[in-house]
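Colleague: I am new to this model and would like each label explained. Please set the values against the definitions as we go.

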Amino acid sequence: MEQLVEREIICKTANETKNLAREVAKFLPANSSIALIGGLGAGKTTFVRGLAEGFGMDANVSSPSFNILNIYSGVVTLLHLDAYRLDGSPQATDGLMLEDFLIPPYCLVAEWPELLHGFLDRCGLKIFFTVGSDFSRRIIIRPAKCWN
Ligand SMILES: Nc1ncnc2c1ncn2[C@@H]1O[C@H](COP(=O)(O)OP(=O)(O)OP(=O)(O)O)[C@@H](O)[C@H]1O
Ligand SMILES: [Mg+2]
């Protein structure tokens, strides 16, 4: 990968998905927000593991479904958010007080971003995951138009 432009990749294994995320991590500007869009078990948390590796973190990234937000410190602050348990209301999103945790340089990455009020409109990068009939993952990387 030479730059982050829209592309579609087939990842046959979880390791391939992680490797893709490690590549993506290299091209993220400081203070990026990423939406991971895809169904249950599609590979979103796996992708976050790869991001953490890409940032050189020795983080044991797990699904934050019960915590909603996990924070890992390193060259950037990696904020891993799982909105699965939110109801999509502005109040639920405000209640997270996310701004308080966004200490630059950060990378905010959200699973189930559809349930985070306003997030999809302002994130810099959307990544779509679909599971193929052979269990491979089709991953579409889509930077926002104003992405730098
Ligand atoms: N190509 C692949 N990419 C990612 N994960 C894969 C792939 N092939 C198999 N897997 C497996 O699928 C599962 C994906 O789980 P993961 O927790 O990453 O999904 P998720 O999208 O975060 O799910 P959830 O919505 O429940 O949080 C893992 O067990 C992983 O090992
Ligand atoms: Mg997950």
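**Labels and their cut-offs**

Modeller: Lys18, Arg22 and Glu53 are linked in a network of salt bridges. This is a predicted model, in which local features need pLDDT of at least 70 and side-chain atom pairs count only at pLDDT 80 or more, while totals for chains, interfaces and linings use all residues; side-chain values use heavy atoms, with hydrogens and water left out. Residues are numbered from 1 along each chain as its sequence is written, and chains are lettered from A and ligands numbered from 1 in the order in which they are written.

Colleague: Why is the pair of lysine 18 and glutamate 53 called a salt bridge?

Modeller: A salt bridge is a side-chain nitrogen of Lys or Arg within 4 Å of a carboxyl oxygen of Asp or Glu. The side chains of lysine 18 and glutamate 53 meet at 3.1 Å, N to O, so the pair falls within the 4 Å limit. Lysine 18 belongs to helix α1 and glutamate 53 to helix α2, so their bridge ties together parts 35 residues apart in sequence. Helices (H or I, at least four residues) and strands (E, at least two) are DSSP runs, numbered from the N terminus.

Colleague: What makes lysine 18 buried or exposed?

Modeller: Buried means under 20% relative accessible area, exposed over 50%, and partly exposed in between (1.4 Å probe, protein chains only). Lysine 18 has 18% relative accessibility, so it counts as buried. Glutamate 53, at 30%, counts as partly exposed.

Colleague: How many salt bridges does this rule give?

Modeller: The count comes to 5. One of them joins arginine 142 to glutamate 6, with the closest N and O atoms 3.1 Å apart. Arginine 142 lies in strand β7 (residues 137-143) and glutamate 6 in the segment before β1 (7-11), so this pair ties together parts that are 136 residues apart in sequence. Arginine 142, at 34% relative accessibility, counts as partly exposed, and so does glutamate 6, at 46%.

Colleague: Where do lysine 26 and glutamate 23 lie?

Modeller: Both lie in helix α1, 3 residues apart, about one turn of the helix. They form a salt bridge whose closest N and O atoms are 2.7 Å apart. Lysine 26 has 60% relative accessibility and therefore counts as exposed, whereas glutamate 23, at 23%, counts as partly exposed.

Colleague: Which residues coordinate the magnesium ion?

Modeller: Thr45 (OG1) and Glu111 (OE) coordinate the magnesium ion (ligand 2), at 2.1 to 2.2 Å. Threonine 45 lies in helix α2 (residues 44-54) and glutamate 111 in strand β5 (residues 106-111), so the pair ties together parts that are 66 residues apart in sequence. Donors are N, O and S atoms within 2.8 Å of the metal (3.2 Å for Na, K and Ca), and water is not among the atoms, so sites may look incomplete. Threonine 45, at 13% relative accessibility, counts as buried, as does glutamate 111, at 3%.

Colleague: What makes the approach of lysine 44 to ligand 1 a polar contact?

Modeller: A polar contact is a pair of N or O atoms within 3.5 Å; within protein, one must be able to donate a hydrogen and the other to accept it, and residues adjacent in sequence count only if both atoms are side-chain atoms. An N or O atom in the side chain of lysine 44 is 2.7 Å from an oxygen atom of ligand 1, which puts the pair within 3.5 Å. For the side chain of glutamate 111 the distance to a ligand 1 oxygen is 3.1 Å, and for tryptophan 112 it is 3.3 Å. The elements that give two or more residues to the shell around ligand 1 are α1 (14-26) and α2. Helix α2 gives the most, with 3 residues.

Colleague: How do you know that valine 61 is buried?

Modeller: Valine 61 has a relative accessible area of 3%, which means that it is under the 20% limit. This residue is found in the loop between α2 and β3 (69-73). Valine 61 and valine 109 are 48 residues apart in sequence and 12 Å apart in space, C-alpha to C-alpha.
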